[in-house]
Amino acid sequence: MERLKKKYHDLSLRKAFVLTVFITFCIVVVLSGLSVWSCLKFRQYLLPDSNEVTLTIDIATTDGETITLNCRVRLGEGMTPIPRMLAEADGEPIIENYNLSSIETNIIKVENSYNMLTPKRKIAYRGCEILMIVLPAVFSVAGILFCGFFFYHEKLNRPLELLSQATEQIADKNLDFKLSYESGDEMGNLCRSFEQMRHALDENNRELWKMIEERKIVQASIAHDLRNPIAIVEGYAEYLQMNLHTGNLTMERIMQISGNMEKAAKRLEQYTESIRAIDQLDDIGISRTQIPIEDFIENVSEDLSLMAAGEKIRLDIVGEIPKGLVWIDTALLYRILENILNNALRYAKETVTLSFEMGNRSLTISVTDDGVGFSEEILSNKSRLLMPVTSEDGHCGLGLTISRLLCKKHDGRLELSNHPSGGATVKIIVEV
């Protein structure tokens with residue numbers, strides 16, 4: 001029974017409707033036939049032989065006597081003999097039939113079998129005639145109503161109710177629910193499409209909130225990192241206002257203060273450029289292509305080696321070179337590596353090490369330098385979008401920030417750590 005119900009639920013709306021109408025029609029025909037047959041049988045019980053009539057006749061006997069009698073006659077047949085009783089001398093009754101051919105008969109009244117029924121039987125007989133007409137009509141109307149209600153209840157009611165509830169949830173700005181309706185018909189496809197739309201809206205909503213949170217982090221990072229150069233400029237400005245009119249400042253001291261204020265101004269300028277560069281990352285799209293990973297490593301290693309040679313730093317590629325086809329955005333991944341290597345070359349003493357490792361669905365690229373490693377401030381602020389200031393020239397970790405954002409666009413992440421033997425390690429992990 002459950003299998004039949006499941007098959008019915010998986011039928012298309014048109015096929016299910018045609019099947020429901022056909023089954024209902026068959027049921028109506030069967031019930032109507034049974035009701036008409038039952039009424040005919042009951043009428044036959046009430047009126048055993050409808051071809052018989054009852055005659056009321058007067059018989060004139062030879063002795064001049066007139067006798068009124070009732071007799072049954074079947075239509076199309078002759079009159080049945082009419083018995084009479086004679087008495088013999090010894091008292092024994094003798095029964096013989098009237099000789100209708102030799103006596104005079106007069107038919108007074110002809111009545112069919114119905115007229116001979118009792119009043120109650122006549123009502124029952126007429127009631128059967130009415131039921132033979134009414135019952136098929138009632139079954140037809142009931143079948144139409146049943147067909148409509150059954151089809152609506154089994155095929156439309158549940159999905160429409162689920163869609164209505166889901167629409168109310170979305171109207172209330174609630175996307176934390178799941179629309180599930182297991183059926184292979186059009187309503188099941190509609191519910192699955194609606195669920196896909198809800199999931200897409202939920203993902204977009206989460207991404208939007210993530211972007212908002214990242215913007216908050218950017219704002220907090222900017223407020224934190226701008227505080228020091230602004231405080232320096234304000235402090236030197238107050239100092240000059242307080243001491244210029246006294247004449248105690250030497251030209252050397254003024255030049256020193258001017259140089260420090262210029263450095264702070266450059267740091268502020270670099271911050272604004274950093275924010276502009278980060279904003280432009282939102283317009284970058286991902287264009288993946290399928291290429292052999294060994295070809296990509298060979299090309300990128302050659303370019304990165306030239307960059308390292310320009311800084312008089314040796315670039316070593318360690319470990320086994322993975323092989324196989326990957327789906328990557330080569331330009332995006334090259335930009336990430338370029339930014340990470342620039343940071344590594346800035347702090348490396350002699351060597352930068354590069355390694356590649358293929359996982360199940362990811363590619364891990366590790367860049368390690370032999371410098372002093374990341375400061376505790378950077379490692380303890382991994383959630384910040386903008387890295388803290390790391391040098392006096394105003395470098396604010398823009399390369400790491402851009403690389404982190406580009407890794408997210410490539411469905412990956414950036415991990416920062418210090419190598420046990422010294423130096424900083426940056427792991428680029430992207431889905432391929």
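## A strand with two faces

Buried means under 20% relative accessible area. With that in hand, let's look at strand β8 of this predicted model, which spans residues 325-328. Val326 and Ile328 point to one face of the strand and are buried. Leu325 and Trp327 point to the other face and are not buried. This is a familiar pattern, because in a regular strand the side chains alternate between the two faces of the sheet.

Strand β8 also has a partner: strand β6, residues 289-292, pairs with β8 in the antiparallel sense over 4 bridges. Within that pairing, Gln290 stands opposite Trp327 of β8.

## Two nonpolar cores

Next, the interior. The largest nonpolar core holds 39 residues, and those with the most contacts inside it are Phe296, Leu333, Leu337, Val352 and Ile428. Helix α7 (residues 330-347) supplies the largest share of this core, 8 residues. As a general point, nonpolar side chains in soluble globular proteins tend to be buried together.

Leu337 is a good residue to click on. Leaving aside residues up to four places away in sequence, Leu337 touches Phe296, Val300, Leu304, Leu354, Ile365, Val367 and Ile428. A second, separate core has 13 residues, including Ala166, Tyr181, Met187 and Cys191.

## Cysteines

How many disulfides does the structure hold? There are 0. Where do Cys191 and Cys407 stand, buried or exposed? Cys191 has a relative accessible area of 1%, so it is buried. Cys407 is buried as well, because its relative accessible area is 0%.

Conventions. Residues numbered from 1 in each chain as written. Predicted model: local features only at pLDDT ≥ 70, side-chain atom pairs only at ≥ 80, totals over all residues. Heavy atoms only, no water. Disulfide = S-S within 2.5 Å. Buried < 20%, exposed > 50% of the residue type's maximum accessible area, 1.4 Å probe, protein only. Pairing = 2+ DSSP bridges. Core = buried A, V, L, I, M, F, W, Y, C linked by side-chain atoms within 4.5 Å. Contact = heavy atoms within 4.5 Å.
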